[in-house]
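Dear colleague,

Please find below the structure that I agreed to pass on to you. I should be grateful if you would look through it before reading the notes that follow.

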There are 2 protein chains.
Amino acid sequence: MLDLAIIGGGPAGLTAGMYATRGGLANVTMFEKGMPGGQITGSSEIENYPGVTGEITGMDLMMPWPEQCQRFGLKHSMVEVTRVELKDDGNFTIYKGDGTTEDAMSVIVCTGSTPKRAGFKGEDELFGKGVSTCATCDGFFYKNKEVAVIGGGDTALEEAFYLSNICSKVYLVHRRDTFRSAPNTVKRLKETENIELILNTTIIEAYGDVMGVTGLKVMTPEGERDLKVPGIFTFVGMNVNNGILMDEKGENAICALSASGNVIVDLKMQTNIPGLYAAGDLRIDAPKQVVSAAGDGAVAGVNVITYIDEKLNS
Amino acid sequence: MLDLAIIGGGPAGLTAGMYATRGGLANVTMFEKGMPGGQITGSSEIENYPGVTGEITGMDLMMPWPEQCQRFGLKHSMVEVTRVELKDDGNFTIYKGDGTTEDAMSVIVCTGSTPKRAGFKGEDELFGKGVSTCATCDGFFYKNKEVAVIGGGDTALEEAFYLSNICSKVYLVHRRDTFRSAPNTVKRLKETENIELILNTTIIEAYGDVMGVTGLKVMTPEGERDLKVPGIFTFVGMNVNNGILMDEKGENAICALSASGNVIVDLKMQTNIPGLYAAGDLRIDAPKQVVSAAGDGAVAGVNVITYIDEKLNS
């Protein structure tokens, strides 16, 4: 039986693995079907991971992590996990894509959440080259420039406000002419001088050159419009990767989730199930930043050690 | 008036400053009377900050942070803060050591907590060279070696258990022969094979050579004893640096504290006072690691931006 199963190999999973093994857990496996590193490896530039400077890509940033985090004995199993089950004795069974299972005394789930793609022409080709899903990450690259935000939900509005503090102008492109947000938020949106609402509008295409995005063509009720923006931020929802926490019927999660499907944790990254932790973008209130995901991983790793010590000696 | 005052210039304060300024706050000052970098700069080796590898000191690790975190407009005020006051309008007044004050819409307190020194001969000279106050940080450097733990409180016992998973033997040196911890914990302590209790014992001195600690002399009821250990971990209490949160009379804190004096925060690092945040070792449940303090700083920085946006527009 594993001391600890870590599901997911991004910044949270890798850091959790380093802290757990460096803290003396002998039998820790990180399940990650692909290369470790996480979503950030698709990012063309990152400048806000403290301590790592210079013009680097997400791939550059994550390059040394697997070796650093695995040198204390963390094992990497390149297999998909399909489900985590809570057993009657308080341990867990990990169901794997190859049909086998493995038991673990504790689990840290670090499967993240993935922004949905809006589905317009040019989006995939230009993703990470001007098309972004994270204002906190990439907004600053468009300081004093114009950007477009696509979406009309709460997150789109929040991110539009965030960008309006940095960018000279924000075009908010929304397919409807109403917003579901609180009336006060919508009032504020309309009153923010450098946000222009482009409503009842669909996307024709994003276009660019080898350097990245140079514009976005949209179809408004008044006809086609060409926004000459170097940055396009899409906020059309998140896929919260909580599927492995669902029961066999896919109906109920084995731990408490928020309305958005994020895992509810406390400051120790513990869920409401003893021995089950979540870290990184999957948990509630995550700012979706590499440094905070890694911080979560350290917290979870340290607390798992105490959990196991106490369990083995109770 | 400042948008944000950050008190303390360690990993939490620096990262909070980067996220707040990079996110568009124009007027952010970090108050740190000394050089930025924090406690870790006194550490002779750090190997568990993800992404930064090689044999580096805490000073090496923190070297690039101030420039990286200040390039987005964070100002550094080299002055001591003596008190933070909550004003009737919901803003804050920062009282400074030079007798002047400054107002701020929001505050992130990152003043940390400092382990107390035990006060024995050789402790200060060998601190960071074999004398440590952090098992999570330094325990691994003594893998399969013998170490001494000094103290008898809950933290000393927890850290002794942690070290017992890594080290070949742990000598727990305690000046009394009883422990205040739960009976179950004490039972477990006595049953852990590689922990030897050395009770009713005072410290004579730690000694070493240019490479660091080589032993610890103690006075037991049976006479002097010489423990040939390369590592000494002292856990004799923490100074939680919450003084600036106390009211003018020094009686009550302006926000909720735990019994240990740590600031109670939620997952957004917000205290029970709107606009007042805490990040890093000062907050409850902090694992006292650079990466988690930095993660906290990012969380607080991002959430302050939303707080100010909403406040200005409500």
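How many residue pairs in polar contact does the rule find across the interface of chain B and chain A? The model is a predicted one, and with both residues of a pair at pLDDT 80 or more, the rule finds 24 such pairs across that interface. On the side of chain B that touches chain A, at least two residues each come from α1 (11-22), α3 (65-70), α5 (135-138), α6 (154-164), α7 (183-191) and α8 (290-312) of chain B. The largest share of that side is supplied by α8(B), with 10 residues.

The extent of the interface can also be stated. Chain B contributes 50 residues to the contact, and chain A contributes 50 residues. About 4,500 Å² is buried between chain B and chain A, and carbon and sulfur atoms give 58% of this area. Of the area that chain B buries against chain A, 18% is supplied by B:Arg22, B:Arg188 and B:Leu267, which is more than any other three residues supply. The rule also finds eight salt bridges across the interface of chain B and chain A. A salt bridge joins A:Lys268 to B:Asp285, with the closest N and O atoms 4.0 Å apart.

Next comes the relation between the copies. A turn of 180° and a shift of 0.0 Å along the axis lay chain B on chain A with an RMSD of 0.0 Å. This is the relation of a two-fold axis. The C-alpha of B:Gly295 is the one in chain B nearest the axis, at 2.5 Å from it. Of the interface residues of chain B, 100% are also interface residues in chain A, so the copies meet through the same surface.

Within chain A, I would draw your attention to A:Ser132, which lies in strand β8 (residues 131-132). Is this residue buried or exposed? A:Ser132 counts as buried because its relative accessibility is 4%, and the limit for buried is under 20%. Its side chain makes a polar contact of 2.7 Å with the side chain of A:Asp138. A polar atom of the A:Ser132 side chain also lies 3.0 Å from the backbone nitrogen of A:Cys134. Leaving aside residues up to four places away in sequence, A:Ser132 touches A:Asp138, A:Ile232, A:Phe233 and A:Thr234.

Finally, in chain B, strands β13 (residues 212-220) and β14 (residues 223-227) run antiparallel and are joined by five bridges. These strands, β13(B) and β14(B), form a hairpin with two residues between them. B:Met219 stands opposite B:Glu224 in β14(B).

With kind regards

Conventions. Residues numbered from 1 in each chain as written. Chains lettered and ligands numbered in written order. Predicted model: local features only at pLDDT ≥ 70, side-chain atom pairs only at ≥ 80, totals over all residues. Heavy atoms only, no water. Helix = DSSP H or I, 4+ residues; strand = E, 2+ residues; numbered from the N terminus. Buried < 20%, exposed > 50% of the residue type's maximum accessible area, 1.4 Å probe, protein only. Polar contact = N/O pair within 3.5 Å; in protein donor to acceptor, adjacent residues only side chain to side chain. Contact = heavy atoms within 4.5 Å. Least-squares fit on C-alpha atoms with pLDDT ≥ 70 in both. Pairing = 2+ DSSP bridges. Buried area = accessible area lost by both parts, 1.4 Å probe. Salt bridge = Lys/Arg side-chain N within 4 Å of Asp/Glu carboxyl O.
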